[in-house]
Amino acid sequence: FAMSPDGEILVTTMGGRQRPEGDILKLVVDDGTIVVDETPDALEEAIVASAEIGFERFNDNCATCHGRDAVVTMIDLGYNMPDFTDPAYHETRSDDELREILKYGGGRLGVDVAMPPWELLLSDEEIESVVLYLRDQSGGEK
């Protein structure tokens with residue numbers, strides 16, 4: 001919250017993970033009129049997949065179980081979760097398989113039923129970004 005020099009109360013918003021743009025909003029007294037904003041909406045711009053976005057999404061959602069410093073393991077249950085950033089892992093999976101595992105969960109390809117589907121949390125562009133990040137870690141595309 002801030003006050004402008006002419007006494008108006010302003011509020012800033014930060015946007016979200018998918019759209020980091022923010023806004024400066026002015027608080028006004030509701031006089032019953034409806035204002036329609038006809039300016040182009042920057043939020044409608046497409047998100048472009050990138051390894052940078054993939055790095056963020058991987059660290060937010062995957063690294064706990066599948067990173068170099070994973071803190072969650074299932075080794076006590078007889079299963080060692082793979083390090084998705086290990087180049088050796090990428091010798092066994094194509095980009096399409098990685099997309100499918102990330103989107104629909106590990107059970108779909110029979111790799112790990114504990115791997116959840118991320119399709120409801122991550123957009124297709126974010127899933128593609130994670131694949132780009134992983135391939136960046138492994139040294140190339142499959």
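Which residues are buried in H4? A few notes on that and the rest, bearing in mind that this is a predicted model.

1. **Helix H4.** The buried residues here are Asp 95, Leu 98, Ile 101 and Leu 102. Look down the axis of H4 and they fall within an arc of 125°, so they line one face of the helix. Just after the helix comes Gly 105, with a positive phi near 95°.

2. **Overall layout.** We have 5 helices and 3 strands to deal with. Reading from the N terminus, the order is β-β-β-α-α-α-α-α. The protein has 142 residues, and 26% of them are buried. As for how the chain meets itself, take the contacts between residues at least 6 apart in sequence: 46% of these join residues at least 24 apart.

3. **Helix H1.** H1 covers residues 51–61, and its buried residues are Ile 53, Gly 54, Arg 57 and Phe 58. Their directions from the axis of H1 stay within an arc of 135°, so these residues line one face of the helix. Note the arginine in that list: Arg 57 counts as buried because its relative accessibility is 3%, and the cut-off is under 20%.

4. **The core.** The largest nonpolar core has 16 residues. Those with the most contacts inside it are Phe 58, Phe 84, Tyr 89, Leu 102, Met 115, Val 130 and Leu 134. Helices H4 (95–104) and H5 (124–138) each supply at least two of the core residues, and H5 gives the most, with 5 residues. Two names are worth tracing back to points above: Leu 102 is among the buried residues of H4, and Phe 58 is among those of H1.

5. **Leu 134 up close.** What does Leu 134 touch, leaving aside its neighbours within four places in sequence? The list is Phe 58, Phe 84, Thr 85 and His 90. Of these, Phe 58 and Phe 84 also appear among the core residues with the most contacts.

6. **Salt bridges.** The structure holds 8 of them. Side chains of opposite charge can pair when their charged atoms come close. One bridge joins Lys 103 to Asp 124, with the closest N and O atoms 3.0 Å apart. That pair links distant parts of the chain, since Lys 103 sits in helix H4 and Asp 124 in helix H5, 21 residues apart. Asp 124 itself is partly exposed, at 49% relative accessibility.

7. **The Glu 56 network.** Salt bridges with shared partners join Glu 56, Arg 57 and Glu 126 into one network. Within it, Glu 56 and Arg 57 have their closest N and O atoms 3.2 Å apart. How exposed are the two partners? Glu 56 is partly exposed, with a relative accessible area of 41%, while Arg 57 is buried at 3%.

8. **Arg 93 and Glu 97.** The side chains of this pair also meet in a salt bridge, at 3.7 Å from N to O. Arg 93 has 19% relative accessibility and counts as buried, because the limit is under 20%. Glu 97 is partly exposed, with a relative accessible area of 26%.

9. **Surface.** The protein exposes about 9,800 Å², of which carbon and sulfur atoms supply 55%. A nonpolar patch on the surface is formed by Phe 1, Met 3, Ile 9 and Leu 27, with about 500 Å² of accessible area together. Ile 9 belongs to strand E2, residues 9–13, and is partly exposed, with a relative accessible area of 38%.

Methods
Residues numbered from 1 in each chain as written. Predicted model: local features only at pLDDT ≥ 70, side-chain atom pairs only at ≥ 80, totals over all residues. Heavy atoms only, no water. Buried < 20%, exposed > 50% of the residue type's maximum accessible area, 1.4 Å probe, protein only. Helix = DSSP H or I, 4+ residues; strand = E, 2+ residues; numbered from the N terminus. Arc of directions from axis to C-beta. Contact = heavy atoms within 4.5 Å. Areas by Shrake-Rupley, 256 points an atom, 1.4 Å probe, with all protein chains shown as cover. Core = buried A, V, L, I, M, F, W, Y, C linked by side-chain atoms within 4.5 Å. Patch = residues over 30% accessible without salt bridge, like charges linked within 9 Å, V, L, I, M, F, W, Y side chains within 5 Å. Salt bridge = Lys/Arg side-chain N within 4 Å of Asp/Glu carboxyl O.
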